[in-house]
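Me: I should like a close look at a single part of this structure, namely one sheet and what surrounds it. Please explain each term when it comes up.

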Amino acid sequence: MKKVQYTGTNYEEVKALCGDKVLAPYFCMGFTMLSLMTEDGFVTVQECDTIVLDDDETFHVEK
C-alpha cells in the first residue's frame, strides 16, 4: 500500500503515484482539486485528502 496526501501544491508527487489516472489540478472557490480515475469512475480529490494505492493496484481516496 502506498499513500500520498494532496496538499494543493504537490501535483508532481501525486502524478508520480497515480500516473495517467489523475487529471491536472483545477481551481474552484479558492481551493485546488484533482480528478482521479478509480474502479468506481472519476473521484474528486480535495486538498488534505489522501490518495491510497492498494496492493491490488486499485486507488481510493480517504477524506
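Reply: The following account takes the sheet first, then one residue within it, and then the salt bridges.

This is a predicted model, in which local features need pLDDT of at least 70 and side-chain atom pairs count only at pLDDT 80 or more, while totals for chains, interfaces and linings use all residues. Residues are numbered from 1 along each chain as its sequence is written, and side-chain values use heavy atoms, with hydrogens and water left out.

Three elements make up the part in question: an open sheet of 3 strands, ordered S2-S3-S4, with antiparallel pairing. Strands (E, at least two residues) and helices (H or I, at least four residues) are DSSP runs, numbered from the N terminus. Two strands are said to pair if DSSP finds at least two bridges between them. In general, strands of a sheet pair through backbone hydrogen bonds, either parallel or antiparallel. At the edges lie strand S2 (22–28) and strand S4 (41–46), each of which pairs on one side only. On average, neighbouring strands of this sheet are turned by 30° against each other, direction ignored. Helix H1 (residues 11–18) packs on the sheet and touches S2 and S3, where contact means heavy atoms within 4.5 Å. The direction of H1 makes about 150° with that of S2; axes are lines fitted to C-alpha atoms, for helices over the stretch in contact, and angles run from 0 to 180 degrees between N-to-C directions.

The pairing can be followed strand by strand. S2 and S3 are antiparallel and share 5 bridges, and Cys28 has Phe31 in S3 as its bridge partner. These two strands form a hairpin with 2 residues between them, and Met29 in the turn has a positive phi of about 55°. On the other side, strand S3 (residues 31–38) is joined to S4 by 6 bridges, again antiparallel. Met33 has Gln46 in S4 as its bridge partner, and a hairpin through 2 residues connects S3 to S4.

S3 is mostly covered, with 6 of its 8 residues buried. Buried means under 20% relative accessible area, exposed over 50%, and partly exposed in between (1.4 Å probe, protein chains only). Thr38 lies in S3 and counts as buried because its relative accessibility is 11%. The side chain of Thr38 reaches the backbone oxygen of Gly41 at 2.8 Å. Not counting residues up to four places away in sequence, Thr38 touches Val43 and Phe59.

Beyond the sheet, a search of the whole structure finds 2 salt bridges, a salt bridge being a side-chain nitrogen of Lys or Arg within 4 Å of a carboxyl oxygen of Asp or Glu. One is formed by the side chains of Lys3 and Glu62 (3.7 Å, N to O). Lys3 lies in strand S1 (residues 2–5) and Glu62 in strand S6 (residues 59–62), so this pair ties together parts that are 59 residues apart in sequence. The side chains of Asp49 and Lys63 also meet in a salt bridge (3.0 Å, N to O). This pair links distant parts of the chain, 14 residues apart: Asp49 is in the loop between S4 and strand S5 (50–53), and Lys63 is in the segment after S6. Asp49 is buried, with a relative accessible area of 6%, whereas Lys63 is exposed at 67%.

Definitions and conventions. Polar contact = N/O pair within 3.5 Å; in protein donor to acceptor, adjacent residues only side chain to side chain.
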